[in-house]
Amino acid sequence: MTDDVLFLSRDQVTALLDPDTAIASQRAAFGALGAGGTRTPDLPGKIMHPSRFDDSVVFAYVSRLSKDTGAVAKFGSVNPGNAAAGLPTVHAVITALDPVTGELAAVMDGTAVTTLRTAAASAVAFDALSTADSAELALIGSGTQALAHARAVARVRHLKSVRVWSPTPERRERAAERLAAELGIAAEATATPEETVTGASLVATCTLSKTPVVHGAWLAPGCTVVSVGSFEPTRSEVDAEVLRRSAAVVVDDPETATKHAGPVIDALRDHLLPREALIGLGDILTGARTARTGPDDIVFYNSVGLGVQDAAAAWAVVRAARGENR
């Protein structure tokens with residue numbers, strides 16, 4: 001191990017990976033996926049291993065964005081019970097290796113990277129999939145990830161209002177107050193998911209729910225729905241009607257989605273959706289595929305997370321820490 005290995009705490013990662021830098025890193029990640037050929041990043045299969053003892057899940061990703069960025073590995077766990085204690089539900093550590101020698105280059109807090117890159121990727125998806133005048137955000141969830149989503153989406157859309165719902169009134173009220181203060185826009189806590197979603201042009205579901213919290217019947221024409229909590233086969237934040245009403249179902253990676261995205265797996269099993277209908281976000285960014293054909297289309301994006309996202313974000317952090325150009 002060399003003496004110049006970077007050891008970066010959660011606070012340091014958060015300071016280095018500002019929203020715009022995080023969004024740029026995710027555009028690079030998905031752009032590389034969509035480009036294909038020799039520029040396609042390494043995309044090994046992700047590991048998701050549910051616990052036999054509780055509702056937790058251990059996960060591991062290994063990836064490399066390009067020849068200029070070294071391999072990145074992330075190891076962590078999802079612990080839904082943390083929410084009741086006011087703790088993040090995702091904890092992880094990331095290691096990055098030198099692109100030439102393979103020596104250890106950095107060890108950093110993976111919790112902050114995961115939060116920021118997930119929200120940034122959703123912002124990239126909303127920017128690519130929603131109408132330009134979409135301005136009303138519905139947040140299902142009031143935790144760390146939900147707040148990060150509101151901040152990231154505000155970088156790509158001129159939000160006029162945010163509505164927040166989560167099961168605990170005190171938490172959704174606190175989240176709404178915080179977002180109103182931070183973003184300087186109208187933010188309110190709502191009593192039900194239906195009230196939250198109805199009329200919204202942007203919907204982000206940031207929960208760990210195993211049963212649908214958003215129903216397709218509630219969606220307004222032109223709505224774009226992003227789900228980040230449906231990351232394993234047993235978790236489905238949206239019902240089948242969301243996919244049935246969607247003009248396009250977009251995923252971070254079609255092959256990965258067929259193994260991990262709960263709503264997508266259900267739709268394929270029930271023959272509501274053919275495999276070839278799945279569109280990779282990278283293909284949207286590069287213009288290879290089209291999702292929205294008109295302003296009234298409903299579009300659904302299901303993200304389960306990819307190692308290449310961590311590779312892009314982690315190297316953005318490393319370069320910022322070294323003072324290199326971003």
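Select Lys-67 to begin: in this predicted model, Lys-67 is exposed, with a relative accessible area of 69%. Add Asp-68 to the selection; the two side chains meet in a salt bridge, with 3.3 Å from N to O. Asp-68 is partly exposed, at 46% relative accessibility. The structure holds 16 salt bridges, and the tour returns to others among them. Side chains of opposite charge can pair when their charged atoms come close.

**A buried pair**

Select Lys-74 and Asp-310 next. These residues form a salt bridge whose closest N and O atoms are 3.0 Å apart. The pair links distant parts of the chain, since Lys-74 lies in strand 4 (residues 72–78) and Asp-310 in helix 11 (residues 307–322), 236 residues apart. Are the two partners buried or exposed? Lys-74 has 3% relative accessibility and counts as buried because the cut-off for that class is under 20%. Asp-310, at 1%, is likewise buried.

**Strand 4 and its neighbours**

Display strand 4 as a whole. Its covered face carries Val-72, Lys-74, Gly-76 and Val-78, while Ala-73, Phe-75 and Ser-77 form the uncovered face. Now add the strands beside it. Strand 3 (residues 57–63) pairs with strand 4 in the antiparallel sense over seven bridges, and Tyr-61 has Lys-74 as its bridge partner. Strand 5 (residues 90–97) is also joined to strand 4 by seven bridges, and these two strands run antiparallel. In strand 5, the residue to select is Ala-96, the bridge partner of Val-72.

**Helix 11 and its end**

Return to Asp-310 and extend the selection to all of helix 11. The helix has 16 residues and spans 22 Å from its first C-alpha to its last, close to the 22 Å expected at 1.5 Å a residue. Of its 16 residues, 13 are buried, so helix 11 is largely enclosed by the rest of the structure.

Follow the chain just past the helix to Gly-323, which takes a positive phi of about 80 degrees. Then select Arg-322 and Glu-324. This pair forms a salt bridge, with the closest N and O atoms 3.8 Å apart. Glu-324 is partly exposed at 37% relative accessibility, and Arg-322 is partly exposed at 41%. For salt bridges that share partners, select Arg-27, Asp-127 and Arg-157, which are joined into one network.

**Where helix 3 crosses helix 11**

Show helix 11 together with helix 3. Two packed helices are described by the angle between their axes and the distance between the axes. Here the axes come within 10 Å and cross at roughly 110 degrees. Helix 3 is therefore roughly perpendicular to helix 11. To see the contact itself, select Val-113, Thr-114, Arg-117 and Ala-121 of helix 3 with Gln-309, Asp-310 and Ala-313 of helix 11. Asp-310, the salt-bridge partner of Lys-74, thus appears in this contact as well.

**The eight-stranded sheet**

Turn next to the open sheet of eight strands. Its order is 9-8-7-10-11-14-12-13, with parallel pairing. Which strands lie at the edges? They are strand 9 (186–189) and strand 13 (278–280), each of which pairs on one side only. Neighbouring strands of the sheet are turned by 20 degrees against each other on average, direction ignored.

Select strand 11 (residues 224–227). Thr-224 and Val-226 point one way and Val-225 and Ser-227 the other, and all are buried. Strand 11 pairs with strand 10 (residues 202–205) in the parallel sense over four bridges, and Val-225 is the bridge partner of Val-203. Four bridges also join strand 11 to strand 14 (residues 299–302), with the two running parallel. In strand 14, Phe-300 is the bridge partner of Val-225. Selecting Val-203, Val-225 and Phe-300 together therefore follows pairing from strand to strand; strands of a sheet pair through backbone hydrogen bonds, either parallel or antiparallel.Continue to strand 12 (residues 248–251), which pairs with strand 14 in the parallel sense over four bridges. Val-251 stands opposite Asn-302 of strand 14.

**Helices on the sheet**

Finally, bring back helix 3 (residues 110–129). This helix packs on the sheet and touches strand 10, strand 11, strand 12 and strand 14, and its direction makes about 160 degrees with that of strand 11. Then select helix 5 (residues 169–183), which packs on the sheet against strand 7 (136–140), strand 8 (161–165) and strand 9. The direction of helix 5 makes about 175 degrees with that of strand 9.

Methods: Residues are numbered from 1 along each chain as its sequence is written. This is a predicted model: local features need pLDDT of at least 70, side-chain atom pairs count only at pLDDT 80 or more; totals for chains, interfaces and linings use all residues. Side-chain values use heavy atoms; hydrogens and water are left out. A salt bridge is a side-chain nitrogen of Lys or Arg within 4 Å of a carboxyl oxygen of Asp or Glu. Buried means under 20% relative accessible area, exposed over 50%, partly exposed in between (1.4 Å probe, protein chains only). The expected span of a helix is 1.5 Å times one less than its number of residues. Two strands pair if DSSP finds at least two bridges between them. Axes are lines fitted to C-alpha atoms, for helices over the stretch in contact, and angles run from 0 to 180 degrees between N-to-C directions. Contact means heavy atoms within 4.5 Å. Angles under 35 degrees count as roughly parallel, over 145 as roughly antiparallel, 65 to 115 as roughly perpendicular and the rest as oblique.
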